[in-house]
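Subject: Structure handover

Hello,

Here is the structure I promised to pass on. Please open it first, then read my notes below.

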Amino acid sequence: MIGSIRKFLKRENGIAAVELALVTPIFLLLFLSMIELGHMIYYSITIEKGLRSAATYAGRNEELTTEVITATQNIAKTGNPEGGEYLVRGWADADASVTVTESEFLYAMTGPGDDVVETVYHVTVSVPYVPVVDVLVPALEFLMQTSFYNGKYMIVLTHDQAMIGD
């Protein structure tokens with residue numbers, strides 16, 4: 001009996017299969033993490049492009065009317081003033097928001113000349129990130145605890161645009 005146990009322990013058949021079984025989960029995790037990271041970068045860039053377009057649209061208007069605010073929100077979400085299909089899936093979430101505010105910027109001249117007063121529009125978006133691989137969400141939540149809101153990773157971006165008129 002002891003001889004057969006020694007013979008079993010000395011066998012090297014199947015070592016490659018054991019190594020593969022040990023390494024495969026690590027490579028799978030790395031592969032899925034890279035896919036998720038790429039999707040997250042694409043997601044945030046798409047949101048940022050919509051935000052910049054919305055802020056530019058708001059800046060081309062003399063005042064913030066209800067129609068201008070609605071069109072600005074639609075541009076941020078869909079890329080179109082009339083609305084349409086969302087740029088990213090997170091806009092369909094109830095926690096997604098677009099806020100448009102207005103303020104005055106004063107630049108005091110130090111020499112001769114009048115001070116400069118400009119109207120500035122602030123557009124802020126808050127969009128929950130919708131992951132490709134839900135398995136990685138607990139790991140993301142653990143790593144970035146302060147960025148989660150109601151269990152969702154929120155992408156929050158702001159763009160300021162001076163009023164440029166038509």
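Two residues are in contact when they have heavy atoms within 4.5 Å of each other. Take the contacts in the protein between residues at least 6 apart in sequence: 65% of them join residues at least 24 apart. Please keep in mind that this is a predicted model.

**The overall picture**

The protein has 4 helices and 4 strands. What order do the elements follow from the N terminus on? They run α-α-α-β-β-α-β-β. The protein has 166 residues, and 28% of them are buried. About 11,300 Å² is exposed by the protein. Carbon and sulfur atoms supply 61% of that area.

**Helix 2**

Helix 2 covers residues 15-59. Two residues to look at here are threonine 46 and valine 18.

Start with threonine 46. Is it buried or exposed? Its relative accessible area is 12%, and buried means under 20%, so threonine 46 counts as buried. Which residues does threonine 46 touch, leaving aside those up to four places away in sequence? The answer is Leu87 and Val88.

Now valine 18, which is also found in helix 2. Val18 helps to make a nonpolar surface patch. The other members are Leu22, Val23, Ile26, Phe27 and Leu30. The patch measures about 600 Å².

**Helix 3**

Helix 3 spans residues 66-78, and glutamine 73 lies in it. Glutamine 73 has a relative accessibility of 25%. That value makes glutamine 73 partly exposed, because this class lies between the 20% limit for buried and the 50% limit for exposed. Next, pair glutamine 73 with glycine 50. They are 23 residues apart along the chain. How far apart are their C-alpha atoms? The separation is 9.5 Å.

**Strand 2 and a charged patch**

Strand 2 takes in residues 116-128, glutamate 118 among them. With a relative accessible area of 33%, glutamate 118 is partly exposed. Which residues form the negative surface patch? Glu118 is one of them, along with Glu62, Glu63, Glu102 and Glu104. A residue needs over 30% relative accessible area to join a patch, so glutamate 118, at 33%, passes that cut-off.

**Where to look**

For a quick tour, start at threonine 46 in helix 2. Go on to glutamine 73 in helix 3. Finish at glutamate 118 in strand 2.

Best wishes

Terms used
Residues numbered from 1 in each chain as written. Predicted model: local features only at pLDDT ≥ 70, side-chain atom pairs only at ≥ 80, totals over all residues. Heavy atoms only, no water. Buried < 20%, exposed > 50% of the residue type's maximum accessible area, 1.4 Å probe, protein only. Areas by Shrake-Rupley, 256 points an atom, 1.4 Å probe, with all protein chains shown as cover. Patch = residues over 30% accessible without salt bridge, like charges linked within 9 Å, V, L, I, M, F, W, Y side chains within 5 Å. Salt bridge = Lys/Arg side-chain N within 4 Å of Asp/Glu carboxyl O. Lys, Arg positive; Asp, Glu negative; His and termini not counted. Charge placed at Lys NZ, Arg CZ, Asp CG, Glu CD.
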